[in-house]
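The report below describes how strands, helices and aromatic side chains are arranged in one protein model. The sequence and the structure come before the description.

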Amino acid sequence: MQVEARDGERDAVGAPVPPRVRASWERSRSYGIPLDAVEPTFAGTGAPGSLFHECGDAVLADLHRSMTSEPVGMMLTDAHGVVLTRLSGDRTLLRALDAVHLAPGFGYSEREVGTNGLGLALADHAPTLVRAEQHYSRSLSGFTCAAAPVIDPTTGRLDGAVNVTTWSRSSSELLLTLARATAGTIAATMLSRHSTTGRAPTRPRRSVFRVDHGLGRAVEDLGSDWTAAVTSTRAALTAGRVVAVLGEPGSGRATAAEVAARRAWPDRRVLTAGAPDPDDADSWLSLWDFEAGRTDTVVVVRDVDSLSTYVADRLATVLFAGPGAAMPVVVTAENFAAIPAAFASAIADTVPLAPLRDRPGDVAPLAHRIARNVRGRDVAFTAAADRVLQQFSWPQNCIHLRRVVEDAVRRVDVVDVPALPADLLSDSGGRRLSTIEAFERSEIVRVLAGGTTMADAAERLGMSRATLYRKIKYYRISAR
């Protein structure tokens, strides 16, 4: 399979290539997916406890009992491509799937491994069959995969997918039909049980081991604090020093570390890892055995203060002793005192990153970027909405901002003040307000968000300009 085969109407063995697969090849190339191997993206094996997972497991178990002698692997994944369940009676096939990380806890979205049946079904929200040579990665050419998305029958939300994989030499004519039928059965089972459960949807799990080849992940600079943190981190890395980016959870410290690593070495792999669940610790540590000593990799250890002593000691041995010391390392934490001793002793530089409430100039660009990632295109924000977002104190930093923006852009095409939560208008910066004070503050924010002058705002609110300025200071409202 050659790179040139990705540009034509036929694959490497001369078979016609569906337009959706060709489009996926182009996206895979833009993401920087390697042709020769599947890089592991590990999110942990903890069960999400969702209705979708429970129903999917039950349906797959029934199907598996009738197909134990077939060379077929059946998988259930979440909406982000993380494998939740895998069943097969063929041990040889299971070993082959392990070798390409198509296993529980690993991510298999298009962005992570390139064109494959599962990733394309999730990307297009449509049943998909990808045959051997149609895969983007050579390492997947020995398989044929069919997948079908599972849509929640009451909300219309994409909950995950069913993936069916077999050897490429096996007959694949019925794979897509099997995947479609299984997805339909799971959706029907969910519908029958919705009336007896009030379980809220689970949030996606964050990857705890991911390799990024850089392309398609460019991040523009934000305000001066952000730029200074990225610049200082990059300088420490290129000087050969281990550096820690310190700040509140959700402040963007991990993204700043990754951007600095990418700018320091644009052509290298960036391996980003976070603390695994206790049950996954040994599996997570085993992934590092294949990384130690690589000269083409920069390591970002996210939330290093969350590592257990056992995991921190083992990982520090890999990164700072012997051949592992060849890899540049940047870590993130809330404060230096919380960093495990095995890492603290290796850190030469620390770089602070202020919380989002102290970086109001970063809020609007971040909100627009989040919206673009959700909708796949630029989303318009009114000037008033941008001002309301900048006014808020964001106690959970970017985590809270992401939740607000994702909710808004899924409901409207242009984000204006009415699309934002009411508590954004009544935020007091942490001070408890009475009902009357909260209402007064929200009215001041609402009027100022319209871009009016102070004199006009005071007149509309029925107060003098001196009173308005005093209340702006009292309620900690930015008058920008």
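## Sheets, helices and aromatic pairs

Strand S1 (residues 72-78) runs antiparallel to S2, and 4 bridges join the two strands. One position in this pairing can be named exactly, since Thr77 has Val83 in S2 as its bridge partner. The coordinates described here are those of a predicted model.

Helix H2 (residues 51-65) packs on the sheet, where it touches S1, S2, strand S4 (143-151) and strand S5 (158-167), and the direction of H2 makes about 175° with that of S1. The sheet is open and consists of 5 strands in the order S2-S1-S5-S4-S3, with antiparallel pairing. Its edges are formed by strand S2 (83-87) and strand S3 (128-130), each of which pairs on one side only. Between neighbouring strands of this sheet the average turn is 15°, direction ignored.

A further open sheet has 6 strands in the order S6-S8-S9-S10-S7-S11, and here the pairing is mixed. Strand S6 (209-212) and strand S11 (347-352) are at the edges and have a single partner strand each, so one side of each is left without a neighbour in the sheet. From one strand to the next, the twist averages 20°. Within this order, strand S7 (residues 242-246) pairs with S11 in the parallel sense over 5 bridges, and Val242 stands opposite Ile347 in S11.

Two helices that lie across strands of the 6-stranded sheet can be described in turn. Helix H8 (residues 253-264) lies across S6, S7, strand S8 (269-273), strand S9 (297-301) and strand S10 (329-333), and runs at about 165° to S10. Helix H10 (residues 309-320) lies across S7, S9 and S10, and its direction is at about 155° to S9.

Which residues does Val298 touch, not counting residues up to four places away in sequence? They are Ala261, Trp265, Arg268, Arg269, Val270, Leu271 and Pro328. Val298 itself lies in strand S9 and has a relative accessible area of 0%, so that the residue is buried. Its C-alpha atom is separated by 8.5 Å from that of Thr272, although Val298 and Thr272 are 26 residues apart along the chain.

The aromatic side chains give another view of the model. A pair of aromatic rings is described by the distance of the centres and the angle of the planes. The structure holds 6 aromatic pairs, including the edge-to-face pair of Trp284 and Trp288, whose centres are 5.7 Å apart with 70° between the planes. Another is formed by Phe392 and Trp394, with ring centres 4.6 Å apart and planes at 80°, so this pair is edge-to-face as well. Trp284 and Trp288 also belong, together with Phe209, to one aromatic cluster.

The relative accessibility of the four residues in these two pairs is listed here.

| Residue | Relative accessibility | Class |
|---|---|---|
| Trp284 | 0% | buried |
| Trp288 | 0% | buried |
| Phe392 | 6% | buried |
| Trp394 | 0% | buried |

Trp394 is also of interest for its backbone. The residue is placed in the loop between helix H13 (383-391) and helix H14 (398-409), and its phi is near 45°, a positive value in a residue other than glycine. Asn397 is likewise found in the loop between H13 and H14, and it has a positive phi of about 60° although it is not a glycine. With a relative accessibility of 1%, Asn397 counts as buried, because the cut-off for that class is under 20%.

Towards higher residue numbers, a pair of helices completes the description. Helix H16 (residues 454-461) and helix H17 (residues 465-474) pack with their axes 9 Å apart and at an angle of about 95°, which means that H16 is roughly perpendicular to H17. On the side of H16, the contact involves Met454, Ala455, Ala457, Ala458 and Leu461, and these meet Arg465, Leu468, Tyr469 and Ile472 in H17. By class, the residues of this contact divide into 8 nonpolar, no polar and 1 charged.

Definitions and conventions
Residues are numbered from 1 along each chain as its sequence is written. Side-chain values use heavy atoms; hydrogens and water are left out. Two strands pair if DSSP finds at least two bridges between them. Axes are lines fitted to C-alpha atoms, for helices over the stretch in contact, and angles run from 0 to 180 degrees between N-to-C directions. Contact means heavy atoms within 4.5 Å. Rings of Phe, Tyr and Trp (its six-membered ring) pair if their centres lie within 6.5 Å; planes under 30 degrees apart count as stacked, over 60 as edge-to-face and the rest as tilted. Buried means under 20% relative accessible area, exposed over 50%, partly exposed in between (1.4 Å probe, protein chains only). Angles under 35 degrees count as roughly parallel, over 145 as roughly antiparallel, 65 to 115 as roughly perpendicular and the rest as oblique. Ala, Val, Leu, Ile, Met, Phe, Trp, Tyr, Cys and Pro count as nonpolar, Asp, Glu, Lys and Arg as charged, and the others, Gly among them, as polar.
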